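Student: I would like to learn how to read a model like this one, feature by feature. Could you walk me through it?

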Amino acid sequence: MSLETWLAFTAAAAVLLVIPGPTILLVVSYALGQGWRTALPMAIGVALGDFTAMILSLVGLGALLAASATVFTILKWVGAAYIVWLGIKLWRAGGSLDVTPRKDAASALKMLGHAWLVTALNPKGLVFFVAFLPQFIDPKLPFLPQVSVCAATFLVLAFANVLTYALIASRARDTIRNPRTIGLINKAGGSLLIGAGVATVALKAGQA
């Protein structure tokens, strides 16, 4: 994987992780209810959940690439369109972050397990990885080294993202629940997703 491709993947992954989803809502709910002590176990649980979902997705992608490079290329086109659709949906989502603080006492292990289950078993996450990762995989290069770099990078970013959300939610509760803040995050993330999807399609068209 070239440095340029890795930097593009890192930037895109960072944007996507910042966008609030079911996992972030869970993290914020625990942090609002139980404070900063939730940050580390939730971050570890989310990283493990992302790792599980990514492995399941990569097994399928690897088998698909081995079977047909043409089908893999088609998947990349479909994935790019899906990313644009996600961006449009996110732009129109508004600024609501409907989250209720969790007041029930939970051990670190329980929080870790909850975060892992929510992240790993979210079908949208599996679909996302199948659509997102192929955009940065070159079928002409060895598959395993490329996906290993992508997986390691994504997991580090996911861990840092959850840790940051949990700490902000526990220390600056009004900020994390401010509709204007969430609205700006959604619109910025949606715009970047649309731009990334369009740029991917344009690049593929230029290479065709």
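**Aromatic pairs and helix packing**

Tutor: Happily! Let's begin with aromatic rings: a search of the whole structure turns up one aromatic pair. Keep in mind that this is a predicted model.

Student: Which residues form the aromatic pair, and what is its geometry?

Tutor: Look at the distance between ring centres and at the angle between planes; planes over 60 degrees apart count as edge-to-face. Here Phe9 and Phe136 sit 5.3 Å centre to centre with 85° between the planes, so the pair is edge-to-face. The pair ties together distant parts of the chain, as its two members are 127 residues apart. Phe9 belongs to helix 1, while Phe136 is in the loop between helix 6 (123-132) and helix 7.

Student: Are Phe9 and Phe136 buried or exposed?

Tutor: Both Phe9 and Phe136 are buried.

Student: Let's step back to the fold. How many helices and strands does the protein chain have?

Tutor: A tally of secondary structure is a good start: there are nine helices and zero strands. Over the protein chain's 208 residues, 42% count as buried. For contacts, you can ask how far they reach along the sequence. Taking those between residues at least 6 apart, 88% join residues at least 24 apart. As for the surface, the chain exposes about 10,500 Å², and carbon and sulfur atoms supply 72% of that area.

Student: How do I read helix packing, and at what angle do helix 1 and helix 7 cross?

Tutor: Take the axis distance, the angle, the hand and then the residues that meet. The axes of helix 1 (residues 3-18) and helix 7 (residues 143-171) come within 10 Å and cross at roughly 35°, and this crossing is right-handed. On the helix 1 side, the residues in contact include Trp6, Phe9 and Leu17; on the helix 7 side, Phe154, Leu157 and Asn161 are among them. Sorted by class, this contact holds twelve nonpolar, three polar and no charged residues. Notice that Phe9, a member of the aromatic pair, also takes part in this helix contact.

Student: What about helix 2 and helix 7: how far apart are their axes?

Tutor: Helix 2 (residues 22-34) packs on helix 7 with the axes 8 Å apart, at an angle of about 35°. The hand of this crossing is right-handed. Ile24, Val27, Val28, Ala31 and Leu32 of helix 2 meet a set in helix 7 that includes Asn161, Val162 and Tyr165. By class there are nine nonpolar, two polar and no charged residues.

Student: Asn161 has come up twice. Why does it count as buried?

Tutor: A residue is buried when its relative accessible area is under 20%. Asn161 has 12%, so it falls in that class. Beyond its neighbours within four places in sequence, Asn161 contacts Leu17, Val18 and Ile24.

Student: How does Gly33 in helix 2 compare with that cut-off?

Tutor: Gly33 is partly exposed, because its relative accessible area is 25%. In space, the C-alpha atoms of Gly33 and Ala169 are 9.4 Å apart, although the two residues are 136 apart in sequence.

Student: And where does Gln135 lie?

Tutor: Gln135 is in the loop between helix 6 and helix 7. Its relative accessibility is 12%, so Gln135 counts as buried. From Gln135 to Lys76 the C-alpha distance is 5.7 Å, across 59 residues of sequence.

Conventions:
Residues are numbered from 1 along each chain as its sequence is written. This is a predicted model: local features need pLDDT of at least 70, side-chain atom pairs count only at pLDDT 80 or more; totals for chains, interfaces and linings use all residues. Side-chain values use heavy atoms; hydrogens and water are left out. Axes are lines fitted to C-alpha atoms, for helices over the stretch in contact, and angles run from 0 to 180 degrees between N-to-C directions. Helices (H or I, at least four residues) and strands (E, at least two) are DSSP runs, numbered from the N terminus. A crossing is left-handed if the near helix is turned anticlockwise from the far one by less than a right angle, and right-handed if clockwise. Contact means heavy atoms within 4.5 Å. Ala, Val, Leu, Ile, Met, Phe, Trp, Tyr, Cys and Pro count as nonpolar, Asp, Glu, Lys and Arg as charged, and the others, Gly among them, as polar. Rings of Phe, Tyr and Trp (its six-membered ring) pair if their centres lie within 6.5 Å; planes under 30 degrees apart count as stacked, over 60 as edge-to-face and the rest as tilted. Buried means under 20% relative accessible area, exposed over 50%, partly exposed in between (1.4 Å probe, protein chains only). Accessible areas come from the Shrake-Rupley method with a 1.4 Å probe; for residues, only the protein chains shown count as cover.
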